[in-house]
Amino acid sequence: MATSSDKTVLVTGGAGYIGSQCCKLLAANGYTPVCYDDFSNGRRDFVRFGPLVEGDVRDAERLRSAIDEYRPAAAMHFAAKIEVEESVREPLLYYDVNVGGTIALAKACREGGIRHLIFSSTAAVYGETTDHQVGLTTPAKPINPYGQSKLTAEQILGDYAASTDVGVTIFRYFNASGADPDGELGIKFRHATHLVPRLVMAAEEKKPFFIFGTDYPTPDGTCIRDYIHVWDLASAHVAALDKPVNHGHTRTYNVGIGRGYSVREVIESVERVTGTKLEIIEKPRRAGDAASLIAGDTEKTRTDLDWSPLYPKIDDIVRDGFGWYRVVNRKCSIATSI
Ligand code: UFG
């Protein structure tokens, strides 16, 4: 058996929104990212930073053969179903992909000698909370199948780490937003459900924007979220490789800024950045939404990993999301696939 390469990383979901940015940053830092993706949501033209293995994340044998071929020392696990509302409609699919995929990867990692697994979790594990900021001691009580599927996967990985010599890093992402500052990678706009891309589209296409819920117990009645630039999320992953977890242990971090913005505040940011006044239509609440989710314990993430976000301001996030929209819509061949 060939020995692992410290500079090779298996990236499931490497053709997706966050995974592709991570592959880019890994390559920029001298790593070889091996992208493992089934293109159910990812884009082929985002695989440009290392080799590709096409496969379903639930397929442990395929994962194992990718590990045998490339001998990565670490794995980053992005491949997942990620829409809150869809998870309420299709819970079994969410448990199948998010829990089943994690088990398959964990098994392949153990068999293939990978010693560090970095897991993409989510602030949705916290559910509805009255805490102003959600710290790591805030009880995890998900209110939708998406959050529950990620929490279950976290718990499985915790047990798994304790019974093996694999170390696990869990990142609970708050609201990943924006795009690669170079304008090379970004989110899909077609069927976008997330706030920033939908606002950018509304501004650029002169279409009305729907606010889902204006009767939340927040200062302006709209939901509050902690928006983290996707490039900063990627840099947290690379920082975790540089400061690896002890084998057989699990560590969990919140990845957010520690500051929240309401939907109305993000609307104001989009109006500032795009110079467009939006037409706003107030709609009822969307299923599964928590009133407020702001990251706590972000100091621990910064200190332990020697990491700090480069783009903490909402206007920076919106600016890069807007820039990506412009890139996409200048290139017809890409625009048709988005
Ligand atoms: N929203 C609107 N109109 C839209 C789209 C969104 O009002 O057209 C509102 C939502 O109702 C919510 C807020 O904008 O109040 C943010 O919604 P997103 O869909 O952008 O993000 P979510 O908070 O639902 O979910 C995201 C990730 C999850 C993660 C969560 C953590 O998708 O993985 O952030 O905060 F768990």
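This is a short talk on a predicted model of a protein with a ligand.

Hi everyone, thanks for coming. Please keep in mind throughout that we are looking at a predicted model.

Let's start with the ligand. Which residues come nearest to it? There are 21 residues around the ligand, and the nearest are Thr 122, Asn 175, His 194, Arg 225 and Asp 289. If you sort the shell by class, you get 13 nonpolar, 4 polar and 4 charged residues.

Now for the polar atoms. The side chain of Arg 198 places a polar atom 2.7 Å from an oxygen atom of the ligand. Tyr 146 also takes part through its side chain, where an N or O atom is 2.9 Å from a ligand oxygen. With Phe 212 it is the backbone that matters: one of its polar backbone atoms is 2.9 Å from an oxygen atom of the ligand. As for coverage, the ligand on its own has 690 Å² of accessible area, and the protein covers 94% of that.

Where does the shell come from in the fold? Two elements give two or more residues each, namely helix 6, residues 195-205, and strand 8, residues 209-212. Strand 8 provides the largest share, with 4 residues. Both domains join in: domain 1, which is 5-177 plus 228-255, and domain 2, which is 195-225 plus 258-329, each supply at least three residues.

On either side of helix 6 there is a loop worth a look. The loop between strand 7, residues 175-177, and helix 6 holds His 191. Its phi is near 60 degrees, which is a positive value in a residue other than glycine. Is His 191 buried or exposed? It is exposed, at a relative accessible area of 71%. Then, in the loop between helix 6 and strand 8, you find Lys 206. Lys 206 also has a positive phi, near 55 degrees, and again this is not a glycine. At 63% relative accessibility, Lys 206 counts as exposed, because the cut-off for that is over 50%.

Let's move to the strands. A quick reminder: strands of a sheet pair through backbone hydrogen bonds, either parallel or antiparallel. Take strand 4, residues 72-77. Of its 6 residues, 6 are buried, so this strand is largely enclosed by the rest of the structure. Strand 4 pairs with strand 1, residues 5-12, in the parallel sense over 5 bridges. You can spot that pairing at Ser 5, which stands opposite Pro 72. Strand 4 also runs parallel to strand 5, residues 116-122, and 4 bridges join those two. There, Ala 74 is opposite His 116.

Stay with His 116 for a moment. Its side chain makes a polar contact of 2.7 Å with the side chain of Thr 169. Thr 169 sits in strand 6, residues 167-173. It has 0% relative accessibility, so it counts as buried.

Last stop, a small sheet. What is the strand order? This open sheet has 3 strands in the order 12-9-14, with mixed pairing. Its edges are strand 12, residues 261-262, and strand 14, residues 292-293, and each of them pairs on one side only. Strand 9, residues 224-225, runs parallel to strand 14, with 2 bridges joining them. Within that pair, Ile 224 is opposite Ser 292. And that brings us back to the ligand, since Arg 225 is among the residues that come nearest to it.

Thanks, everyone!

Technical notes. Residues numbered from 1 in each chain as written. Predicted model: local features only at pLDDT ≥ 70, side-chain atom pairs only at ≥ 80, totals over all residues. Heavy atoms only, no water. Pairing = 2+ DSSP bridges. Near = heavy atom within 4 Å. Polar contact = N/O pair within 3.5 Å; in protein donor to acceptor, adjacent residues only side chain to side chain. Areas by Shrake-Rupley, 256 points an atom, 1.4 Å probe, with all protein chains shown as cover. Nonpolar A, V, L, I, M, F, W, Y, C, P; charged D, E, K, R; others polar. Domains from an automatic or database assignment. Buried < 20%, exposed > 50% of the residue type's maximum accessible area, 1.4 Å probe, protein only.
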